Amino acid sequence: MTTTTTLTPEQAYHGAWKDISLPRLLTFSPHVVGSPDWPPVNHHTSRELAEHAGLKAPIAAGTQTESHVLALLGHLLGVSWWSGGALDLRFISPVYEGDRIRACAVLKSSTAKPFHAEFEVWCERDDLTKVAAGTAIYTESAGG
Amino acid sequence: MASYVAAHPLPDIQVGMEWGPVQVEVTEVLNEQFLFAMEDYGSEYLPGQPTPPLAHPGTLLSLAMSGIAGFRPAEGWTGMHARDEVELVRPVFVGETLTLRWQVADLYDKRGRPWWVRECTITGADGQLRLRRRIHTAFQRDVSAEPAE
């Protein structure tokens with residue numbers, strides 16, 4: 001895991017490429033697989049409903065894209081990210097079944113004591129078009 | 001094909017309206033489901049560490065949508081998740097029972113479209129806040145809908 005002291009300003013950090021497959025869309029659900037409420041049937045999970053809605057394929061929830069960004073920052077900053085992180089993300093292009101996406105972050109500024117860091121963040125397809133973009137801020141809590 | 005477009009997508013919604021509370025346990029099975037969905041098997045999310053596994057952010061954000069995901073706007077309108085703000089206050093670990101609450105935080109018009117902001121708060125069994133999320137949704141008229149006469 002990268003530590004906060006090893007992050008380099010203006011360097012882009014990337015998460016792994018993720019395949020947005022139908023099984024991944026079906027399991028991105030608050031209902032456990034096999035439970036009566038699973039699978040959810042909507043334009044995120046059903047090719048038929050997506051087509052009916054005028055979409056070319058099931059569309060990934062923005063929440064799923066956003067979660068990749070949060071996870072990347074957790075990887076970069078460690079467990080402290082979960083008690084001092086903040087993300088503001090705008091969704092700018094739909095992600096469909098069959099797309100590949102990855103989360104990205106660039107450290108824009110930081111201070112040492114208390115540690116405070118500001119990132120430009122985004123999520124991109126494998127043609128490098130952005131599907132979501134925004135900012136993330138980490139502020140070290142009083143307890144460290 | 002819709003032939004009617006309501007005057008507003010949220011005719012009965014007011015700022016301050018609340019949903020919940022709902023209690024949910026972050027089970028190992030649920031969290032592992034999200035590790036699959038996210039293709040993310042980071043060691044911090046898996047058993048076998050000195051501390052309990054962290055709940056994956058996908059698990060938490062999905063739970064934060066769970067109480068409001070079934071909402072449908074008025075006829076002839078479609079909602080789009082356009083922006084999201086998340087404040088991480090304390091980590092959530094597998095095995096915790098969480099309490100989720102939702103509230104309408106804002107209603108406004110921007111660039112000719114109605115928007116609303118729903119805020120979800122997640123607290124732990126100790127009553128302390130774990131996460132706050134603000135979900136911004138913009139509405140547009142259905143492509144297939146015709147304006148009401």
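In this predicted model, B:Phe93 touches B:Pro52, B:Pro53, B:Leu54 and B:Ala55, leaving aside residues up to four places away in sequence. B:Phe93 itself belongs to the loop between E2 and strand E3 (97-110) of chain B. With 16 other C-beta atoms within 10 Å, B:Phe93 is partly exposed, because a residue counts as buried at 20 or more such neighbours and as exposed at 12 or fewer. B:Leu129 lies 36 residues from B:Phe93 along the chain, and a distance of 13 Å separates their C-alpha atoms.

The surrounding chain may now be considered as a whole. Chain B contains two helices and five strands, and from the N terminus its elements follow the order β-α-α-β-β-β-β. Its C-alpha atoms fill a box of roughly 65 × 30 × 25 Å along the principal axes. Of the 149 residues in chain B, 33% are buried. Among contacts in chain B between residues at least 6 apart in sequence, those joining residues at least 24 apart account for 74%.

Two details of the backbone of chain B deserve attention. In strand E1 (residues 18-25) of chain B one finds B:Pro21, and the peptide bond leading to B:Pro21 from B:Gly20 is cis, with omega near 5 degrees. The loop between H1 and H2 of chain B holds B:Glu39, which is not a glycine yet has a positive phi of about 50 degrees. B:Glu39 is partly exposed, as 15 other C-beta atoms lie within 10 Å.

The description turns next to the contact between the chains, to which chain B contributes 32 residues and chain A 31 residues. On the side of chain B that touches chain A, the elements giving two or more residues are helix H1 (28-38), helix H2 (57-66) and strand E2 (77-88) of chain B. E2(B) supplies the largest share of that side, eight residues. By class, the side of chain B that touches chain A comprises 17 nonpolar, seven polar and eight charged residues. E2(B) also pairs with strand E3 (residues 85-91) of chain A, in the antiparallel sense and over five bridges. A:Ala86 has B:Glu87 of E2(B) as its bridge partner.

Chain A has backbone details of its own. The peptide bond from A:Trp38 to A:Pro39 is cis, with omega near 0 degrees, and A:Pro39 is placed in the loop between helix H1 (22-27) and helix H2 (47-52) of chain A. A:Leu128 occupies the loop between strand E5 (116-125) and strand E6 (130-139) of chain A. Phi of A:Leu128, a residue other than glycine, is positive, near 70 degrees. A:Leu128 counts as exposed, because it has 8 C-beta neighbours inside 10 Å.

Definitions and conventions
Residues are numbered from 1 along each chain as its sequence is written. Chains are lettered from A and ligands numbered from 1 in the order in which they are written. This is a predicted model: local features need pLDDT of at least 70, side-chain atom pairs count only at pLDDT 80 or more; totals for chains, interfaces and linings use all residues. Two residues are in contact if their C-beta atoms, placed from the backbone, lie within 7 Å. Helices (H or I, at least four residues) and strands (E, at least two) are DSSP runs, numbered from the N terminus. Ala, Val, Leu, Ile, Met, Phe, Trp, Tyr, Cys and Pro count as nonpolar, Asp, Glu, Lys and Arg as charged, and the others, Gly among them, as polar. Two strands pair if DSSP finds at least two bridges between them.
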